[in-house]
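Trainee: I am new to this structure. Can we go through the terms one by one?
Mentor: Yes. Here it is.

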Amino acid sequence: MSYHYDSRNYDPNAEYEPELIPPGDYICKVEKARWDHTKNGDEMIVLQLEVKGFSARLWYNVVAKCGTPEEQKRTDQWVGHVFAAFDMKPTRDVQVSPLVGKVGAVHVKNETRDGETRARASYLLKRDKAIELSKSPQSCRTAAMRTPGPEGAPGFDRYGDSYPPAQNVQLNGNDDFVPAEPEEDDIPF
């Protein structure tokens, strides 16, 4: 390992402020997917989402309650929607590992609990909405956060990224970012 801690960089009085993703719709990629259990013992799918343009991660959970036919139907609908949001269909035994690396879109909302505001993945957007969002030049930043550049030159957003973007990107089979093909129907990340 090449990392070495330097105590001069640590300020014990500094407060940790996690990045807050503003409410809205964003392109996202499934970074991790696993089965887990709730505190009540119910099975649940846990997705860790990387949101395009932000370093913060979001978690999206699907609880699999199947005690009654109504609960089974609701769970099947919810699981089907999650997979469809990433252009996939679940297998009967619901393997979640194929979701890792898939790109879709998420609606983010902010919640305040105990005086602390956090971003939360509210729901996954349907595939057609995610594709539409990916074609929008403002798919991960809002215009209010942008500073125009000199005439004829790109501007910069609050993160220092230029807009309009120099090129769209997508993930290839090796999870490397590569230029997106213009005719591509998939959602670039």
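Mentor: Start with pairing: two strands pair if DSSP finds at least two bridges between them. Keep in mind that this is a predicted model. Now take one position: I45 stands opposite V62 in β3.

Trainee: What makes β2 and β3 a pair?
Mentor: The cut-off is at least two bridges. Strand β2, residues 43-51, and β3 share eight bridges, in the antiparallel sense. So they count as paired, because at least two bridges are enough. Among the partners, E43 has A64 in β3, and L49 has L58.

Trainee: What pairs with β2 besides that strand?
Mentor: Strand β1, residues 24-37, pairs with β2 over nine bridges, again antiparallel. There, D36 stands opposite M44 in β2.

Trainee: In what order do the strands of the sheet lie?
Mentor: The order is β3-β2-β1-β4-β5. The sheet is open, has five strands and is paired antiparallel.

Trainee: Why are β3 and β5 called edge strands?
Mentor: β3 (57-64) and β5 (116-124) each have a single partner strand, so one side of each lacks a neighbour in the sheet. On average, neighbouring strands are turned by 45 degrees against each other, direction ignored.

Trainee: What packs on the sheet?
Mentor: Helix α1, residues 69-85, does. The helix touches β2, β3, β4 (103-113) and β5. The direction of α1 makes about 145 degrees with that of β3.

Trainee: How do you know which side chains of β3 are buried?
Mentor: Buried means under 20% relative accessible area. Along β3 the side chains alternate. L58, Y60, V62 and A64 point to one face and are buried. R57, W59, N61 and V63 point to the other face and are not buried.

Trainee: Why is β2 called mostly covered?
Mentor: Eight of its nine residues are buried.

Trainee: Where are the glycines with a positive phi in the hairpins?
Mentor: One is G41, in the turn of the hairpin of β1 and β2, with a phi of about 95 degrees. Another is G53, in the hairpin of β2 and β3, with a phi near 90 degrees. The hairpin of β1 and β2 has five residues between its strands. The hairpin of β2 and β3 has five residues there too.

Trainee: What makes D87 worth a remark?
Mentor: Most residues other than glycine have a negative phi. D87 is not a glycine, yet has a positive phi of about 60 degrees. This residue lies in the loop between α1 and β4.

Trainee: Is D87 buried or exposed?
Mentor: Exposed means over 50%. D87 has a relative accessible area of 59%, so D87 is exposed.

Trainee: What about D114?
Mentor: D114 is not a glycine either, and has a positive phi of about 50 degrees. D114 sits in the loop between β4 and β5. With 85% relative accessibility, D114 counts as exposed.

Trainee: How many disulfides does the structure hold?
Mentor: Zero. To count, a pair of cysteine sulfur atoms must lie within 2.5 Å.

Trainee: Why is C28 called buried, and C66 partly exposed?
Mentor: C28 has 0% relative accessibility, so C28 counts as buried. C66 has a relative accessible area of 42%, so C66 is partly exposed. The partly exposed class lies between the 20% and 50% cut-offs.

Notes
Residues numbered from 1 in each chain as written. Predicted model: local features only at pLDDT ≥ 70, side-chain atom pairs only at ≥ 80, totals over all residues. Heavy atoms only, no water. Helix = DSSP H or I, 4+ residues; strand = E, 2+ residues; numbered from the N terminus. Axes fitted to C-alpha atoms, helices over the stretch in contact; angles between N-to-C directions. Contact = heavy atoms within 4.5 Å. Buried < 20%, exposed > 50% of the residue type's maximum accessible area, 1.4 Å probe, protein only.
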